[in-house]
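Please open the model in a viewer that can select by chain and residue number. The stops below are meant to be taken in order.

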Amino acid sequence: MLEIKGLRVSVAGTEILRGIDLSVRAGEVHAIMGPNGSGKSTLAQVLAGHPAYTVTAGTATYDGKDLLALKPEERAREGVFLAFQYPVEVRGITNSYFLRSAVNAVRKHRGQEELDPMDFLHVLEAKLKAIGWDDTLMNRPVNEGFSGGEKKRNEILQLAVLEPKLALLDETDSGLDIDALKTVAQAVNKLRASDRSFVIVTHYQRLLNFIKPDVVHVLADGRIVKSGGPELAHELEAKGYDWLRAGAMVS
Amino acid sequence: MTGIEAQVQQPYKYGFVTDIESDVVPPGLNEDVVRLISAKKDEPAWMVDWRLKAYRNWLKMEEPHWPNVQYGPIDYQAISYYAAPKKLPKLDSLDQVDPKLVATFEKLGIPIEEQKRLTGVAVDAVFDSVSVATTFQAELAKYGVIFCPISEAIRKHPELVQKYLGTVVPHNDNFFAALNTAVFTDGSFVYIPKGVRCPMELSTYFRINASSTGQFERTLIIADEGSYVSYLEGCSAPMRDENQLHAAVVELVALDNATIKYSTIQNWYPGDEEGKGGIYNFVTKRGKCAGKSSKISWTQVETGSAITWKYPGCILQGDNSIGEFYSVAVTSRRQQADTGTKMIHLGKNTRSTIVSKGISAGRGQNTYRGLVKIMKGAEDARNYSQCDSMLIGDQCGAHTFPYIDVRNSTAIMEHEASTSKIGEDQIFYLRQRGLSAEDAVSMIVNGFCKEVFKELPMEFAVEATRLLGISLEGSVG
């Protein structure tokens, strides 16, 4: 599904990622953990194509395609989804209109007929039902006046409706209380599928209590310094990140 | 950010010139020109006297330079004050309209031929200095509604014109209003009788075609007691290297319980990337809520013109009367706009609402200037003002000058203002959901303007959103 080799990334002349290798197969859930400033969010942003980041070396192959050669919207239409750490407000545009535009952009790309408002409403209702949520966010302007929890929930709702093949979750747990965290995690679990991979970026292990990853990677100073099974997350929770950072320095 | 800016700066689609034989008065302005215009229109003596009075006043006035716009001196003697196509149809018949004129308006999306007319919209088509066609006049007459060129109204309905013309915008109101009074050539006249709800949208389309001319139109709308009318004006002009002056005056009068909804989609040629050419849109628009519980609502979408200087306002004279102003002003390239409103509260319990959205891109400069004045006798007056500015790129500017003058302590005033910038992160968010960069900008701008667009008649809301290069939000939500 996703194959990253030797990826180096700079922002405004400063190198953030210093050679990332990562292989994610269809249906797998990978967690990327690491201390603040280690480059976790940069990895998510650069895979989605944020223009502020410059790839200086390496490759990223997604579904057999050169991911880095695609524009952000092309990546999205090909099934790459980023749940933002800081979702942006769009004044005056309702969530449902925004989401329908997004769905139709994807459908158009696939050569499918675009959905009219009524058709979309049916699709939306089915998706909401599948993850057990109501439609209270749909007729409000995109993220405007949303609480932190509502914003994160809205990201997962978009994920559910857009049905990506590769979902990147950037600190989706930050700013959530325990109940909201559970709600979001349960929805993500329902969205796990054999043809859908997840890359979950998180600082804390607590999200991984609810979403069980297949592989955990630790990112420090722009490199993956350790990879392992779900038990690695627990080890990090107990020992912190410093022991691995020291390792990164000598390697 | 250049990609985003390019998106806002679309090519001007209406810049063509119609090759038509015209009767053009040589450039220059003096009393003889004023008399000549009046004679061409076959006007009564009181009109020519009023025009001359305005002209003599104008000579003593100075061009205002307080707006936050910059331009070189205007040579009023270099402008031709009258230009009209030679072959004009006889009154009350559209069959004889020059096919070139029909084709011109068709190209602008304003079909005037019988079989192609827009349903539910009556159109007065003004080409340079004259009205060339007015549709649905007979149908409207069945309801007692008068909708005709103002030159025709002066001849056919002198009592109505004389009673109201100049009562809202006096002949010496300001420099450009005085000039307009002296030399105005055509425009629309509307009278809605007592208790009548006008059965269709009325609209006037103004087209400047001839070079080195100015367009000076005059519109007068009277809504008698308990009546309702929705009126819309549109406009465009060829792309020329010269600046052309457009100085209009619009007067609205709403009597007891009457409502006038006046919408403008202004798309005059804005000039090129370097600021060469374009229309100077120096316009005086004012409505008087003369009767109790009357209402005047202005909605404007200003996308064109090199320079815009206009403040459609309301004089809220009748008790319980309501004034509204909804505006979207876009300045890109090197366009400059100084626009806003004046709400003058005289009557008791009067209310006004101001919603202004300024969008600046390229090297555009956008100024909101508004006055809310609560006079001594205006007990329990209320105003709500909201001024939002959006910046696209880093070479444009947004300015806000709200003036508030309250002389009655029972007044309640609310003012909100915001400035935002379309940023890379906002665009990226939408692109990450599959929208192209162009669609992302469109959606953000559309959402920003939504409160104003929803005030436009449906047919024209589509036109307005298209003008901004944006797709209209669907019916859901």
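What follows is a walk through each chain in turn, with a stop where they meet.

**Before selecting**

Residues are numbered from 1 along each chain as its sequence is written, while chains are lettered from A and ligands numbered from 1 in the order in which they are written. This is a predicted model, in which local features need pLDDT of at least 70 and side-chain atom pairs count only at pLDDT 80 or more, whereas totals for chains, interfaces and linings use all residues.

Helices (H or I, at least four residues) and strands (E, at least two) are DSSP runs, numbered from the N terminus. Two strands pair if DSSP finds at least two bridges between them. Two residues are in contact if their C-beta atoms, placed from the backbone, lie within 7 Å. Axes are lines fitted to C-alpha atoms, for helices over the stretch in contact, and angles run from 0 to 180 degrees between N-to-C directions.

**Stop 1: the sheet of chain A**

Select the strands β6, β9, β10, β3, β11 and β12 of chain A; in that order they make an open sheet of 6 strands with mixed pairing. At the edges are β6 (80–83) and β12 (223–228) of chain A, each with a single partner strand, so one side of each has no neighbour in the sheet. From one strand to the next the twist averages 20 degrees.

Now restrict the view to β11 (residues 215–220) of chain A and β12(A), which run antiparallel and are joined by 5 bridges. H217(A) is opposite S227(A) in β12(A). The two strands form a hairpin with 2 residues between them, and in the turn D221(A) has a positive phi of about 50 degrees.

**Stop 2: helices on that sheet**

Add helix α1 (residues 40–48) of chain A. The helix lies across β3 (29–33), β6, β9 (166–170), β10 (197–202) and β11 of chain A, and runs at about 145 degrees to β9(A). Then add α5(A), which lies across β6 and β9 of chain A at about 165 degrees to β6(A).

Which helix packs against α5(A)? Select residues 178–191 of chain A: this is α6, and its axis is 10 Å from that of α5 (residues 148–162) of chain A, at an angle of about 5 degrees. That makes α5(A) roughly parallel to α6(A), a term for angles under 35 degrees (over 145 is roughly antiparallel, 65 to 115 roughly perpendicular and the rest oblique). From α5(A), G149(A), K152(A), R153(A), I156(A), L159(A) and A160(A) make the contact; from α6(A), A180(A), T183(A), V184(A), A187(A), V188(A) and L191(A) do. These residues divide into 8 nonpolar, 2 polar and 2 charged. Here Ala, Val, Leu, Ile, Met, Phe, Trp, Tyr, Cys and Pro count as nonpolar, Asp, Glu, Lys and Arg as charged, and the others, Gly among them, as polar.

**Stop 3: Y53(A)**

Select Y53(A), in strand β4 (residues 53–62) of chain A. Y53(A) is partly exposed, with 19 other C-beta atoms within 10 Å; 20 or more would make a residue buried and 12 or fewer exposed, with C-beta atoms placed from the backbone. Leaving aside neighbours within four places in sequence, Y53(A) is in contact with V9(A), V11(A), T42(A), Q45(A) and V46(A).

**Stop 4: where the chains meet**

Show both chains: 22 residues of chain B are in contact with 26 residues of chain A. On the chain B side, α9 (424–431) and α10 (437–453) each supply at least two residues. That side has 7 nonpolar, 9 polar and 6 charged residues.

**Stop 5: the sheet of chain B**

Hide chain A. Chain B has 11 helices and 23 strands. Buried residues make up 56% of its 477 residues.

Select the open sheet of 10 strands, ordered β4-β3-β7-β9-β12-β14-β17-β19-β21-β23 (chain B), with mixed pairing. Its edge strands are β4 (130–134) and β23 (412–421) of chain B, each pairing on one side only. The twist averages 10 degrees from one strand to the next.

Within this sheet, pick β7 (residues 201–207) and β9 (residues 228–236) of chain B, which run parallel and are joined by 6 bridges. F206(B) stands opposite C235(B) in β9(B). Finish with α10(B), which packs on the sheet and touches β14 (295–302), β17 (322–331), β19 (351–360) and β21 (382–391) of chain B. The direction of α10(B) makes about 160 degrees with that of β19(B).
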